[in-house]
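Work through the exercises below with the sequence and the coordinates open. Each task is followed by a solution in steps.

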Amino acid sequence: MKTTFRIALAVLCSAVILTGCHKDDLLTFSKSPDVYFLSNATTYADSTNISFAFIGGNVAEYDTSVLVMITGSPVARDRYAAVAVSDESTAQANVHYKNLSTSVLIPANQLTGKVTFTAIRTEDMQTNNYMLKILLQQSEDFTTDIRTMVVNNATGKTTNVVEYRFFITDILTKPLRWSDGFFGPFTRKKFQLICEVNQVPPSFINGEPWNGVVINPNQGKVYAMQTQIWLNDYNATHQIPYLDEDNSKMAMDQSIQDLFPVIN
């Protein structure tokens with residue numbers, strides 16, 4: 001009997017409370033969705049290296065981009081996130097880069113968009129590394145309340161998901177897949193010749209995929225052999241041999257030279 005009375009009382013109280021509330025008094029979730037750099041939150045990579053030395057050839061400009069993502073659900077209209085350049089940047093607009101997006105389009109019914117720009121190759125990049133730091137900022141459509149994410153639960157290490165850096169350079173460092181045992185000591189001139197003779201992009205010898213494959217040691221040996229054959233042919237038809245950066249006669253490692261002895 002007491003239980004029945006309590007249930008009836010609870011129902012009555014609920015009815016009174018609901019009757020006393022107007023539609024405008026009801027709380028609704030109205031927070032704008034957040035925008036963040038996708039790679040920062042997934043692979044925890046907060047920067048990209050753009051090396052013209054590994055892009056190869058006489059490329060003067062390079063188009064690049066970075067993905068951004070939003071929280072929440074897609075909507076049936078285009079939305080925009082704001083982009084700004086950090087004062088910490090050393091790269092200069094219209095000198096080291098151009099056409100940087102000032103906003104990011106998130107198309108209707110989509111959750112991602114891109115910040116795009118064009119990197120410009122300059123002569124001083126062979127000795128200098130320039131940095132472009134871009135920031136996602138609040139707009140009419142999005143907030144940036146989510147600024148960091150934990151990348152290591154054990155240490156509590158976090159990454160900033162609304163900042164992204166691009167390092168732009170033409171400095172050529174020794175490629176990751178360079179083998180002194182095949183190619184001999186590394187020089188920029190020798191590396192460029194190997195790529196030209198074998199018609200492979202510099203990035204491939206640096207370990208990046210090309211046509212769906214990654215360079216292996218056997219390919220490196222073949223590239224060295226092909227280059228030594230080219231050098232032998234050049235030297236046989238020119239009075240002055242093909243010279244390296246220090247004006248010494250360019251050659252692959254001795255083990256490769258021994259496979260193709262020069263007959264005088």
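**Exercise 1.** List the residues that V66 touches, not counting residues up to four places away in sequence.

Solution. Contact means heavy atoms within 4.5 Å. With that cut-off, V66 touches F37, G113, K114, V115, I134, Y164 and F166. Next, place the residue: V66 is found in strand β3, residues 61-70, where helices (H or I, at least four residues) and strands (E, at least two) are DSSP runs, numbered from the N terminus. Then classify its exposure. Buried means under 20% relative accessible area, exposed over 50%, and partly exposed in between, with a 1.4 Å probe and protein chains only. V66 has 5% relative accessibility and therefore counts as buried. Finally, take a C-alpha distance: V66 and L38 are 28 residues apart in sequence and 8.1 Å apart in space.

The model is predicted: local features need pLDDT of at least 70, side-chain atom pairs count only at pLDDT 80 or more, and totals for chains, interfaces and linings use all residues. Residues are numbered from 1 along each chain as its sequence is written, and side-chain values use heavy atoms, with hydrogens and water left out.

**Exercise 2.** Give the strand order of the open sheet that 5 strands form, and find which strands stand at the edges.

Solution. Two strands pair if DSSP finds at least two bridges between them. The order is β2-β11-β8-β4-β6, with mixed pairing. β2 (47-51) and β6 (103-106) each have a single partner strand, so one side of each is left without a neighbour in the sheet. From one strand to the next the twist averages 25 degrees, taking axes as lines fitted to C-alpha atoms, for helices over the stretch in contact, and angles from 0 to 180 degrees between N-to-C directions. Now look at one pairing: β2 runs parallel to β11 (residues 163-169) over 5 bridges. Within β11, F166 is the bridge partner of T48.

**Exercise 3.** In which sense do β9 and β10 pair, and how many residues lie between them?

Solution. Strand β9 (residues 148-152) and strand β10 (residues 157-160) pair in the antiparallel sense, over 4 bridges. T148 stands opposite N160 in β10. The two strands form a hairpin with 4 residues between them. In the turn, G156 has a positive phi of about 80 degrees.

**Exercise 4.** Count the aromatic pairs in the structure, then analyse the pairs W178 with F191 and W230 with Y242.

Solution. Rings of Phe, Tyr and Trp (its six-membered ring) pair if their centres lie within 6.5 Å; planes under 30 degrees apart count as stacked, over 60 as edge-to-face and the rest as tilted. By this rule the structure holds 13 aromatic pairs.

- W178 and F191 are 6.2 Å apart centre to centre with 65 degrees between the planes, an edge-to-face pair. W178 lies in the loop between β11 and α4 (180-183) and F191 in helix α5 (residues 188-198), so the pair ties together parts that are 13 residues apart in sequence. Both W178 and F191 are buried.
- W230 and Y242 have ring centres 5.2 Å apart and planes at 90 degrees, so this pair is edge-to-face. W230 lies in helix α7 (residues 217-237) and Y242 in the loop between α7 and α8 (254-257), so parts 12 residues apart in sequence are tied together. W230 is partly exposed at 32% relative accessibility, while Y242 is buried at 18%.

Y242 also has a charge over its ring: the charged end of K189 sits 5.0 Å from the ring centre. The criterion is NZ of Lys or CZ of Arg within 6 Å of the ring centre and within 35 degrees of the ring normal. Elsewhere, ring pairs link F37, Y97, F117, Y164 and F166 into a cluster.

**Exercise 5.** Describe the backbone and the exposure of N99 and N247, neither of which is a glycine.

Solution. N99 lies in the loop between β5 (97-98) and β6, and its phi is positive, about 60 degrees. With a relative accessible area of 58%, N99 is exposed. N247 is found in the loop between α7 and α8, with a positive phi of about 70 degrees. N247 is exposed, also with a relative accessible area of 58%.

**Exercise 6.** State how many helices and strands the protein has, and what share of its residues is buried.

Solution. The protein has 8 helices and 11 strands. Of its 264 residues, 36% are buried. Among contacts with a separation of 6 or more, 71% come from residues 24 or more positions apart.
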